[in-house]
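Q: Hey, I've got a structure open and I'm a bit lost. Can you walk me through some bits of it?

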Protein chains: 2
Amino acid sequence: MPGAGRAAGVRRPEEPPAREDEDLLLAAAYVSDAQYNRNVPFETSPRAIRLYYFYNHWTMQVAIYFFICVDLSLALFEEPALFPLPFLATSIAEVLCLTAFFGRLVHFAKVTPQMVFWKDTKNICIMVTIVLTLIDLIIYGSLEAVNIHSIRWSRALRPVFLINFPESRQIRRTFRSIRNTLPDILYVFLLFMFSVLIFSLMALKLFGVRSLKTVEGLPYFTDILEIAFELYVLVTTANIGGTLCTYITYIIINTYIFMSVFLAVVYNNYRKHLKNEILKLAYLKRRKMIEAFNILKVKVGTEFVVTEAQWKRLAKIVMPHISSPHLELLLRISDEGQKGHVDKMNFLRLADLLNIQVVAINIKRHPLEDWMPRVYQSSASLLVQRMVRHRIFVWVYDVIILVNAIFIALDEKKPFISNAEWLFLSLYIIEILLKLYTYEPRAYFGRKQFWNWFDMLIIIAALGNYNSQQILDIVLILRILRLLRIIVSIQRFRLIVTTLINIGPTILTFGGLVLVVYYVFAIIGMEAFQGKVRFFDPNFTTPEAQVCGNPALTGSAFARDQYCKNNFNDLASSFIVLMELTVVNQWHVLAGGFALVTHQAAKLYFISFHIVVVILIVNIFIVFILEAFFVAYSLEKSEVETAIEKKIQELGVGVQEEEMQDGKLIDNMDAKDSGFSGDDGDNKRKALKGLYFRIASKKYRTVDALLQQMFESEITPEDEGPSLDEILNLSPSDIYPKNPSLGNSA
Amino acid sequence: MPGAGRAAGVRRPEEPPAREDEDLLLAAAYVSDAQYNRNVPFETSPRAIRLYYFYNHWTMQVAIYFFICVDLSLALFEEPALFPLPFLATSIAEVLCLTAFFGRLVHFAKVTPQMVFWKDTKNICIMVTIVLTLIDLIIYGSLEAVNIHSIRWSRALRPVFLINFPESRQIRRTFRSIRNTLPDILYVFLLFMFSVLIFSLMALKLFGVRSLKTVEGLPYFTDILEIAFELYVLVTTANIGGTLCTYITYIIINTYIFMSVFLAVVYNNYRKHLKNEILKLAYLKRRKMIEAFNILKVKVGTEFVVTEAQWKRLAKIVMPHISSPHLELLLRISDEGQKGHVDKMNFLRLADLLNIQVVAINIKRHPLEDWMPRVYQSSASLLVQRMVRHRIFVWVYDVIILVNAIFIALDEKKPFISNAEWLFLSLYIIEILLKLYTYEPRAYFGRKQFWNWFDMLIIIAALGNYNSQQILDIVLILRILRLLRIIVSIQRFRLIVTTLINIGPTILTFGGLVLVVYYVFAIIGMEAFQGKVRFFDPNFTTPEAQVCGNPALTGSAFARDQYCKNNFNDLASSFIVLMELTVVNQWHVLAGGFALVTHQAAKLYFISFHIVVVILIVNIFIVFILEAFFVAYSLEKSEVETAIEKKIQELGVGVQEEEMQDGKLIDNMDAKDSGFSGDDGDNKRKALKGLYFRIASKKYRTVDALLQQMFESEITPEDEGPSLDEILNLSPSDIYPKNPSLGNSA
């Protein structure tokens, strides 16, 4: 176990400083890992640690993401290209990217122990992909040189880089979740296909003999695989006209029941694995903090502690740009009794403490008060200020927005209505001016004052585009989103809205996942179907344009309904087609069209895409939303507050995020300030004045964060958990039953 | 509390027999209620109890269901009728039904305490509906007499009778579940509409100005409500062609996220209420059994017991047709030590004991063995028998079925293939003959030998229709279902298949629910849209036929795609249209068509139907399937065996359902018989020989039954639970938190 050996003995304060520095660096690396939930095991030699710091530096991460983006977007410039570039240019760019990936990998190899590096499939994957890509490049390049066109198959492997770099943990976790679900899904899928086949046989016998014709005059239901395909389409789109009654059973069994079973299987697995992974993270974090503590601990009296000086140096290494008031604030929490050292329990919290945002609250006077105190403090001015601060002021403007929304919905051709919009605009300008008069402008435009910025930008956009009625309208419609604030103030809505907002960040993870799947399918689709279907200008009415440039499509639904634009002739078109396949209910038309031009082979492509995206990814997405809501429901009544939050509240050095909205905080702080009495505690607080912990509102946390918090609060301060090696090698099923209360928690 | 007063004192054995009989009747009523999970409070006077027995008699129940069916099916004969009957005939039938319902209600009022009767909304509902229907009948009849056509609005109320009679507990429970979900759903729905409206406003401004035209040349997006409707359709069908990219956000937010939120809300409520309702049932059952015990108990030694004689008389009243070996068997379980009385714990189990099916296993010799023992016992004959009993025999036939399935799928025009089917048929006949030779025929065609009956019927059907190739094929395809047996033998598939089978009975409940909703909407639809759209023979090509007989439909998608058959001109057509609305993805075409002929009013009807069916009922259906699977997953590892089952197993008087399949049981029993040794226990068993408890396989239990069993096993024998009144008046939230382990159980 890295670092364990070194930490065995207790270090004395009088050891040489050089050694001390190395220890500090190592401890800081552990703390930093715990802070960012990294589970990378690293070498403990001083050189490796320095390299590790460099490895984790933000510039390196940005660089690697840049190269991944470049690599992925190369498909835009390669044949079939949206913006054609010569093969030489794209291949040089690709080689550059590969070099960068290889460099990153070598860097990682230097940092991590040899054994761990070679056991990690992620690294092997990247290396294999680099080699394969190079081979493909060379073969394709040399064939191209002698004018033979071959397939750039390695392009479908590019998303490997996105998935396998340690930075894209979230996407990888979702993939792992999918992989774990696969065996169970497979069995349901086999049953599903069995059911589809039985129905296909029936359809063949019932309708095949009667030789029905489709609307297009083609024979309907003649071949068992054809029928199985038709029925698969039927399940996923429920799109059939005439012979409906016969299919009711089929649809009930296959659409509703099997699709629900898929959901159940995905949900069951997702839930199990999510908990395991998060529990693992929680243990890992605890373990790394213990490692750091063991390195720095000294014995004072009967207990091991970390001295204040060491602690401060450590914090400064972990967060180089920390301000000294911020450091003082952290120390106040960690060393409550001001004993000059931090005990183990408080030390273990350091990673969480560093994650809590600290805000400087500068309670400044309004500039107008400085410039013309008399006028600003006059009774009329005070009345205006009190009015603006009043709840009714907000309500009045909410009503105005609502009325505005109704006006927008009405026909804007009447002059009365289009003039009314200018009235609304001026009302909004008055609102902002009044608020700026009342609140301190720098506080009003504070970093977290989202809605104020929003209002301001809308007004500017509206004024800037006053000659474009349309943009003005769009901008004003956006303003209606402010009604969300009213909605959130109603208890019943709050839970729903806040949960939806929490889902936000994870939707980005799904975006990454979908991007990977789309990219692979787009590359395959481009290689397979490129040029088979062409889009002609709508004014072009030659017979060729009528059949999308492919005679095989004559008389097909694809050509008749003008789907020619849906082709795989470049990356952008491919993405649009795949999006339509995911979202729109007419994928059978697309599949049918491409099946005609490729002699049925395309059906396999379309069905496998459908299985991957609809059965797996969409279900995981739904499950994710379900889980988020269930966690929200189960937390609705319970109060999950971490130990740190409690302590921060006790010491009175925190502000709730809710309080910071819309200038309320400032009023609040004013009230607190004026109410100060002269005792010692308040004096101390005065000294810290202007700097507070910002406690993130419990409502606005992601499912992962909430679960991790719950699990961490269940690990007692004494529980050291399994060792680092044990945690990393644990299989999911190992941890799960050890914690019986998990079943309840979500 | 009914009966509580009577049970306060302990009854002495020497009390007069008349009184005893009344007590027994009362106790038997409690036991019978517990057995069938009825939660009807009844009067304890002897006359009321006798009436209560009559009330619960199966003839009464069949009669009431008959009248409900008649009442509901009247819509087939009333205008707009499928089979027209004069108004006089249908109204007389309706009055008859109403009389029957009223009679049933009066009967119920005599049985149940006055207070309870008038507090129960079910009864009030029925009475109000009867009165309203009579009023409507009179008004409609008198108006009809003077040739004014009015609306028979009370027909939409008919399903009230189906829902509100105490016999349709399941449907009512589902409705209650829906009602409980409504407030939460409403809030999500409002948010959803808010989102749809915001997008509508945007669409109006973005596309309205550009005055887009649809394919039909009609202006697209001109009016806010029109757009809201279009977007609502878009969410539910994801059916839009051209301007796709703009809608991706919209679709992600509204289709995926909101639909998942609906599911989450429904699931959360369903789960909460399901557990509460079942827990309530479990407590109620326990309470009723305690009441019965308190009535019959006598003091023997230090404990209260029920004497054997009393117990037997009680069992005979509860189950009048019980055979005496069956009664002996029950007694053996209840009075283990043969002490001549049944103690409290064993008495409380009586209701469950009576529910366990008892099977008579008559191990008879094969008739051929009687007629020609030499031949049947010859070594050749024994070889055949051993062969048929062998596992490989089943496998061979499974392979044959598989090959047959492949042959069916192939083109049957080749003579080789169509001749092969005769080969398969003869193989199947040989299989049955061999099995009949080996197994005792009466056992082979036992009541539970589903697959044997299935095989036999298929052969008969095939032979009976040998001149119709098509029916023969269908019949043979059905035989492929036997492959399910192979599938079930694989562990991974078993869980899925058995859970799907368990869902079966509850799907019927959903059938009832859907029937109620469809009926109400069909009646409304018939009153509103009757005759607006007409269907003409396809050969009829007059301009009128082209527009479904309504000029308003000229050029609409509805007429163009020949949806004329989808009309509300009689009950059957209405049901088909509603089914299409539920299942098929083209409801916007239907809604659009009817909107044209009714000046947009129809949209309201179609949207409300969509909300009720898709958002509520389909989600509840999905949730139900999800829950069934989660319960199955959580039970997969744990062994839930009731105390009774354990005891039955210990005494060796039970057979597992699994053993009874396909003649295996008989072999089993033979083996057991031949292994008998001469000790006392076995002698006793010999006395009972031929009669065993059939322990339902755990795998084949519904979610409700499993949950109830789990809850009952958590109620300790000493726990008497809350009193009857308390249980009936408990609100769901009262019970829920009291049982912390419920969260785990499912």
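A: Sure, starting with a term: two strands pair if DSSP finds at least two bridges between them. Also keep in mind that this is a predicted model.

Q: OK, so which residue stands opposite A:Val300 in E2(A)?
A: That's A:Glu303. Strand E1 covers residues 298-300 of chain A and strand E2 covers residues 303-307 of chain A, and three bridges join them. The two strands run antiparallel.

Q: What's in between those two strands?
A: The hairpin of E1(A) and E2(A) has two residues between the strands. One to look at is A:Gly301, with a positive phi near 65°.

Q: Which strand does E2(A) join with three bridges on top of that?
A: Strand E3, residues 341-343 of chain A, and this pair is antiparallel too. Here A:Thr307 of E2(A) has A:His341 in E3(A) standing opposite.

Q: Switching to chain B. At what angle do H25(B) and H28(B) pack?
A: About 115°, and their axes are 9 Å apart. Helix H25 is residues 491-529 of chain B, while helix H28 is residues 571-583 of chain B.

Q: Left-handed or right-handed crossing?
A: H25(B) passes H28(B) in a right-handed crossing.

Q: And which residues make the contact?
A: From H25(B) you have B:Leu515, B:Tyr518, B:Tyr519, B:Phe521, B:Ala522 and B:Met526. H28(B) brings B:Leu571, B:Ser574, B:Phe575, B:Leu578, B:Met579 and B:Thr582.

Q: How many of those are nonpolar, polar or charged?
A: The contact of H25(B) with H28(B) has 10 nonpolar residues, two polar and no charged.

Q: New topic: where is B:Ser381?
A: In helix H18, residues 379-389 of chain B.

Q: Why does B:Ser381 count as buried?
A: Because its relative accessibility is 5%, and buried means under 20%.

Q: What does its side chain reach, I mean the one of B:Ser381?
A: The backbone oxygen of B:Tyr376, at 2.6 Å. If you leave aside neighbours within four places in sequence, B:Ser381 is in contact with B:Val375, B:Tyr376 and B:Tyr437.

Q: Last one, back in chain A. Which helix holds A:Leu201?
A: Helix H8, residues 169-208 of chain A. A:Leu201 counts as buried because its relative accessibility is 6%.

Q: How far apart are A:Leu201 and A:Leu433?
A: In sequence, A:Leu201 and A:Leu433 are 232 residues apart. In space they're 74 Å apart, C-alpha to C-alpha.

Methods: Residues are numbered from 1 along each chain as its sequence is written. Chains are lettered from A and ligands numbered from 1 in the order in which they are written. This is a predicted model: local features need pLDDT of at least 70, side-chain atom pairs count only at pLDDT 80 or more; totals for chains, interfaces and linings use all residues. Side-chain values use heavy atoms; hydrogens and water are left out. Axes are lines fitted to C-alpha atoms, for helices over the stretch in contact, and angles run from 0 to 180 degrees between N-to-C directions. Helices (H or I, at least four residues) and strands (E, at least two) are DSSP runs, numbered from the N terminus. A crossing is left-handed if the near helix is turned anticlockwise from the far one by less than a right angle, and right-handed if clockwise. Contact means heavy atoms within 4.5 Å. Ala, Val, Leu, Ile, Met, Phe, Trp, Tyr, Cys and Pro count as nonpolar, Asp, Glu, Lys and Arg as charged, and the others, Gly among them, as polar. Buried means under 20% relative accessible area, exposed over 50%, partly exposed in between (1.4 Å probe, protein chains only). A polar contact is a pair of N or O atoms within 3.5 Å; within protein, one must be able to donate a hydrogen and the other to accept it, and residues adjacent in sequence count only if both atoms are side-chain atoms.
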